[in-house]
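Hi,

Here is the structure I promised to pass on. Have a look at it first, and then read on for what turned up.

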Number of protein chains: 2
Amino acid sequence: MSETRKSVVIIGGGFGGLYAAKGLGNKPVDVVLVDRKNHHTFQPLLYQVATAVLSPGDIASPIRGILRRFKNIEVLLDEVVGFDLDRREVHLRDGAGLTYDYLVVAAGATHSYFGHAQWEADAPGLKSLEDAIELRRRILLAFENAERRAAEGRDPGPLNFVVVGAGPTGVELAGALIEIARGVLPHDFRRIDPTQAHVILLEGGPRILPAYPDDLSRSALEQLQSLGVDVRTSAAVTSVEPGQVRVGDMVIPSTVTLWAAGVAASPLGKMLSNSTDRAGRVPVGPDLGLPGHPEVFVIGDLAAAKGEDGKLLPGLAETAQQQGKATAANIVREIHGEPRKPFHYRDMGLLATIGRQAAVARFGRLHLTGFTAWISWLFIHLMLLIGFRNRVLVLVNWAWAYFAYQRGARLITDVEPITRTHEAEAPTERRKAG
Amino acid sequence: MSETRKSVVIIGGGFGGLYAAKGLGNKPVDVVLVDRKNHHTFQPLLYQVATAVLSPGDIASPIRGILRRFKNIEVLLDEVVGFDLDRREVHLRDGAGLTYDYLVVAAGATHSYFGHAQWEADAPGLKSLEDAIELRRRILLAFENAERRAAEGRDPGPLNFVVVGAGPTGVELAGALIEIARGVLPHDFRRIDPTQAHVILLEGGPRILPAYPDDLSRSALEQLQSLGVDVRTSAAVTSVEPGQVRVGDMVIPSTVTLWAAGVAASPLGKMLSNSTDRAGRVPVGPDLGLPGHPEVFVIGDLAAAKGEDGKLLPGLAETAQQQGKATAANIVREIHGEPRKPFHYRDMGLLATIGRQAAVARFGRLHLTGFTAWISWLFIHLMLLIGFRNRVLVLVNWAWAYFAYQRGARLITDVEPITRTHEAEAPTERRKAG
């Protein structure tokens, strides 16, 4: 019997890969899940790590721990560098390889700089815990540096936070930043006034949250503006430089620039298909199979999967989870000699949070804004978190942030304790403390 | 009135500096606290971050947040590089300076490599959150790398964790490591057997926990051995190299080496005094004042302060806290025209934890071991943590670790996702998954 067991290789421990693995857990297959990281990251809450509400450990779980009870699943910390689809092989980083009967590629996506990769250093994105820790460091250091300059008798300069891209991540970042500046930090600084910080949200298109219904976009805009965010639409960034961002002829001084625009699928997509779309996503069949290679499935943000209406499915955690489950079910069906079923996407709605009691949500035809949308957002995200421990930790931190108006995870950790970028040479002077 | 307000500069946001600042909070003085980090770190629990029980954010609090309610205290993220004691000036990193009427230096200590600074790369110590994150990365990667080698059909090699130094930190690290290997990880790996990992604790002196009473040293040794730790006393390390440690002629292969030996006071000590002791500590008077400069106080691990018995006070959080409070009180007394009081150290005992229900403790003449010592340790450390939020988070994580036999904070975060140190070139081969 064990000779005839099929082997499945899953690439990626995000929502797609993890749900595919769970669906194959304790089924008559041998599964290897490969990821470059040892942990699953709950990406929808990364912006809360970047803005010091949550700790990295609160929204991440070791993949081995999540899958420990499935003895037919092996986890490998390694990086996939290529495929030989005809020989059914996955090439790993050091030249070793894995063969498979079924391959599930769920390698995800990162941000796109639209051909300007050099912008990344001055405008990092937010796709991993490392990204979030780096953004947190830059945001907190901006205030610290201004305070130090003021203490040294110098001009603290402006505090401008520029968020590029007004999808859900950009909206959530902008809302969280204004909340830190106006609600959390004012009591902590003595020489600068954090409430004077500017948060500027730039969107290339005509409206924010372009994937949302019109009325929710408008509501989100109003909620952001009432919090004090400077929202600019039809403002496509033409250049990112140290200390500033350009939109056409306009120069916007920027202390910290955060990138939340564009989607670029994992480079593994191009190794699987010659017909990837502009974002590098792989076109798949109704069963999420790779055309010409029914034994290969592509799911999650890497797949250009279409719904029954012919439109591209949204790049959400929910989509990846459903696709992972469906793919596992199809593999099990085929092993049992049953036919595959086409993937059917169940629209669970859209949700973006903006601030304290501020959010927008669509569930089916129901549109929510403000407090009710916010409460739904809190509840749904707590439930979606993987693991009881993470839920409790996130709840404690949210309660603390809400009631104490503090941010507990305000840590600047780095090899270099103090980074002084874009600063003129400091004058040598003496002053009296206090 | 404000013309006559005295200014106090405090260097360091550890236990000493923080308690000095709190003691001066809302008193008629102007205080500036300078630290290179923006957060206070609860050092006694750093080893639990290194061993993935706790997250960095659980044991750290932003210094500004701790002191936010004291409007006479300013916090500055900066680095002190020197002093001009005659002009009463502190020199900061970029050339700017602070003048003071009183100076409290609480810059702490780090590990000493006994003149072999080059050992640090292969045997990092544990003094900061960054250190703890790096140790955690090395420990977790050791298991991951062995599993990957096994999956590639290669010899996974031995899994040896060598801890150098059997003071409280070394004992706690060794106990936590064996617990991970034997209690936590066995269900997570498919190809290696984590219970086969060796934890070797090396102590140069004749007994572990040399600062503890004899019977508690013996008990700690027995408790460690019953957990499976290989404890070797009178084993002074003569060389640390990539992949191995030497003790005289003996070569001990080491997958991960952790340094928990020796104390080296902050280099600021030598800038304050020509008569520092071997560990670089500054001799101080009965009021913790710097001889010849009564307006300068040196406290915490940087001070070589003596008790009434003429013995050096232990380098504990407790000592630093008491000294910080006493120094603040003396400054306030002097401002009010009252004489200073000499510092009196109140011995609160010694505590070291070893594992589940395993610890040793001395309170006055009472010696505790095993479960009672362990429960005391838990309770006291929870109470000592700064901030309600941290207490709740640590409690949740401890409960999780205890009842679920898991380590929630098992994150490997780094710029390089996979580090392959000390590995031979990998053979190119193909294998069947599963």
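How many helices and strands does chain A have? There are 10 helices and 26 strands in chain A. Before you go further, keep in mind that this is a predicted model.

**Overall form**

The C-alpha trace of chain A spans about 80 × 50 × 45 Å along its principal axes. A compact globule with 434 residues would have a radius of gyration near 22 Å, and the 23 Å of chain A agrees with that. Of the 434 residues in chain A, 54% are buried. If you take the contacts in chain A with a separation of 6 or more, 64% of them are between residues 24 or more positions apart.

**A sheet to look at**

One part worth finding on your screen is an open sheet of 4 strands in chain A, with the order 13-12-11-17 and parallel pairing. Strand 13 (230–232) and strand 17 (256–259) of chain A are at the edges; each has a single partner strand, so one side of each has no neighbour in the sheet. From one strand to the next, the twist averages 15°.

Within that sheet, strand 11 (residues 160–164) of chain A pairs with strand 17 of chain A over 4 bridges, in the parallel sense. If you want a spot to zoom in on, Val162(A) has Thr257(A), in strand 17 of chain A, as its bridge partner.

Helix 5 (residues 168–184) of chain A lies across strand 11, strand 12 (198–202) and strand 17 of chain A. Relative to strand 12 of chain A, helix 5 runs at about 170°.

**A helix with two faces**

Next, go to helix 9 (residues 370–384) of chain A. This helix has 15 residues and reaches 21 Å from its first C-alpha to its last, close to the 21 Å expected at 1.5 Å a residue.

Which residues of helix 9 of chain A are buried? They are Ala373(A), Trp374(A), Trp377(A) and His381(A). Looking down the axis of helix 9 of chain A, you'll see these buried residues fall within an arc of 100°, so they line one face of the helix. The general background is that an α-helix has 3.6 residues a turn, so residues three or four places apart point the same way.

Strand 23 (350–355), strand 24 (358–363) and strand 25 (366–369) of chain A are included in what covers the buried residues of helix 9. On the face turned away from the buried side, helix 9 of chain A carries the exposed residues Phe371(A), Phe379(A) and Met383(A).

Cheers

Definitions and conventions: Residues are numbered from 1 along each chain as its sequence is written. Chains are lettered from A and ligands numbered from 1 in the order in which they are written. This is a predicted model: local features need pLDDT of at least 70, side-chain atom pairs count only at pLDDT 80 or more; totals for chains, interfaces and linings use all residues. The radius of gyration is taken over C-alpha atoms; the globule rule is 2.2 Å times the number of residues to the power 0.38. A residue is buried if 20 or more other C-beta atoms lie within 10 Å of its own, exposed if 12 or fewer, and partly exposed in between; C-beta atoms are placed from the backbone. Two residues are in contact if their C-beta atoms, placed from the backbone, lie within 7 Å. Two strands pair if DSSP finds at least two bridges between them. Axes are lines fitted to C-alpha atoms, for helices over the stretch in contact, and angles run from 0 to 180 degrees between N-to-C directions. The expected span of a helix is 1.5 Å times one less than its number of residues. The arc is that of the directions from the helix axis to the C-beta atoms.
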